[in-house]
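Trainee: Please take me through this structure one question at a time, and explain each term when it first comes up.

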Amino acid sequence: MINIILIGPPGSGKGTQAKQISEKYHLKHLSTGDILRNEVKNQTPLGIQAKAIMDRGELVSDEIVIGMIQNFIDNTSNTNGFLYDGFPRTVAQAEALNKMLMAKNMSVDAILFMSAPDEVFIERLQKRAEIEGRSDDADINVIRKRLAEYYEKTFPVKNYYEHHLTNIFYTINANQEVNKVFQDICSIIDPLVKA
Ligand code: AP5
């Protein structure tokens with residue numbers, strides 16, 4: 001089983017690429033954002049609690065998110081592996097993932113860092129707000145808060161991976177047409193699935 005992490009700021013294209021990657025390589029797409037939005041939609045107690053936090057552009061607590069991931073991994077079988085989209089986002093989440101994988105004799109196989117200038121992300125999210133109406137895209141201040149959360153809490157995770165798992169850390173130019181980004185990602189994953 002392979003484990004691939006997609007890491008990058010809001011709007012860097014993690015979700016867009018994750019859909020295509022999981023389809024092509026038959027990986028379970030594990031998006032903490034999608035799971036949380038589903039809880040919000042179904043108005044579960046967790047969803048009601050998470051909605052206010054997400055609408056402010058802040059991160060949901062590590063405890064909640066780690067529990068969700070553990071559940072997902074424990075209840076998934078018959079897969080070629082997992083594709084983590086939007087997780088881990090804090091050092092505590094990265095440490096928890098490490099432990100969960102070790103307990104199942106697995107490890108991270110690749111970290112794909114989606115890189116582009118912040119203006120590109122902001123423009124994409126503002127455009128999506130007009131088309132899809134996602135509540136955390138609607139207000140520029142919330143978009144800026146999401147980016148600030150990224151730099152404060154997730155960038156250290158990216159730096160940790162870049163310096164400690166250098167041989168499996170890949171920087172992807174996310175400021176290209178969707179299919180070109182996908183091609184670049186496939187050129188990294190292809191050898192992993194053939195190995
Ligand atoms: P989450 O759903 O993970 O949102 P995000 O990280 O803010 O990311 P986005 O979905 O906005 O962007 P993306 O990088 O996936 O890009 P996408 O492909 O969608 O999290 C939402 C919230 O949930 C968080 O703020 C937090 O509150 C909570 N949460 C989630 N995970 C958590 C965790 N682990 N811990 C704590 N809290 C957590 O693309 C964006 C737009 O750009 C789309 O319109 C797309 O069509 C377009 N686009 C994509 N690629 C391209 C391209 N190459 N060229 C042009 N347009 C493109």
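Trainee: Is His26 buried or exposed?
Mentor: This is a predicted model, in which local features need pLDDT of at least 70 and side-chain atom pairs count only at pLDDT 80 or more, while totals for chains, interfaces and linings use all residues. His26 lies in the loop between helix 1 and strand 2 (28-31), where helices (H or I, at least four residues) and strands (E, at least two) are DSSP runs numbered from the N terminus. Buried means under 20% relative accessible area, exposed over 50%, and partly exposed in between, with a 1.4 Å probe and protein chains only. Because the relative accessible area of His26 is 55%, the residue counts as exposed.

Trainee: What is phi of His26?
Mentor: Most residues other than glycine have a negative phi. His26 is not a glycine, yet its phi is positive, with a value near 55°.

Trainee: Which residue in the loop between helix 5 and strand 4 (110-115) has a positive phi although it is not a glycine?
Mentor: The residue in that loop has a phi of about 55°. With a relative accessible area of 76%, it is exposed. The residue is Asn105.

Trainee: Which peptide bond is cis?
Mentor: Most peptide bonds are trans. One bond here has omega near 0° and is cis, and it leads to a proline in the loop between strand 3 (81-85) and helix 5 (91-103). That bond runs from Phe87 to Pro88.

Trainee: Which side chain makes a polar contact with the side chain of Asp137?
Mentor: Residues are numbered from 1 along each chain as its sequence is written, and side-chain values use heavy atoms, with hydrogens and water left out. Asp137 is in the loop between helix 6 and helix 7 (140-164), and because its relative accessibility is 1%, it counts as buried. A polar contact is a pair of N or O atoms within 3.5 Å; within protein, one must be able to donate a hydrogen and the other to accept it, and residues adjacent in sequence count only if both atoms are side-chain atoms. At 2.8 Å, the partner of Asp137 is Arg146.

Trainee: Which residues are in contact with Asp137, leaving aside its neighbours within four places in sequence?
Mentor: Contact means heavy atoms within 4.5 Å. With those neighbours left aside, Asp137 is in contact with Leu125, Arg128, Ala129, Ile143 and Arg146.

Trainee: Which side chain makes a polar contact with the side chain of Asn159?
Mentor: Asn159 is found in helix 7, and it is partly exposed, with a relative accessible area of 26%. Its side chain makes a polar contact of 3.4 Å with the side chain of Lys158.

Trainee: Which residues come nearest to the ligand?
Mentor: A residue is near a molecule if one of its heavy atoms lies within 4 Å of it. There are 30 residues around the ligand. Those that come nearest are Thr16, Thr32, Glu58, Arg89 and Arg128.

Trainee: How much of the ligand's accessible area does the protein cover?
Mentor: An oxygen atom of the ligand is 2.6 Å from a polar backbone atom of Glu58, and a nitrogen atom of the ligand is 2.9 Å from a polar backbone atom of Gly86. Accessible areas come from the Shrake-Rupley method with a 1.4 Å probe, and for residues only the protein chains shown count as cover. On its own the ligand has 1000 Å² of accessible area, and the part covered by the protein is 87%.

Trainee: Which helix gives the most residues to the shell around the ligand?
Mentor: Helix 1 (14-25), helix 2 (32-41) and helix 6 (118-132) each supply at least two residues of this shell. The one that gives the most, with four residues, is helix 2.

Trainee: What is the radius of gyration of the protein chain?
Mentor: The chain has eight helices and five strands. The radius of gyration is taken over C-alpha atoms, and the globule rule is 2.2 Å times the number of residues to the power 0.38. For 195 residues the rule gives 16 Å, and the chain's own value is close to this, so it is as compact as a globular protein of that length, with a radius of gyration of 16 Å.

Trainee: What share of the residues in the protein chain is buried?
Mentor: The C-alpha atoms of the chain fill a box of roughly 45 × 35 × 30 Å, taken along the principal axes. Of the 195 residues in the chain, the buried share is 44%.
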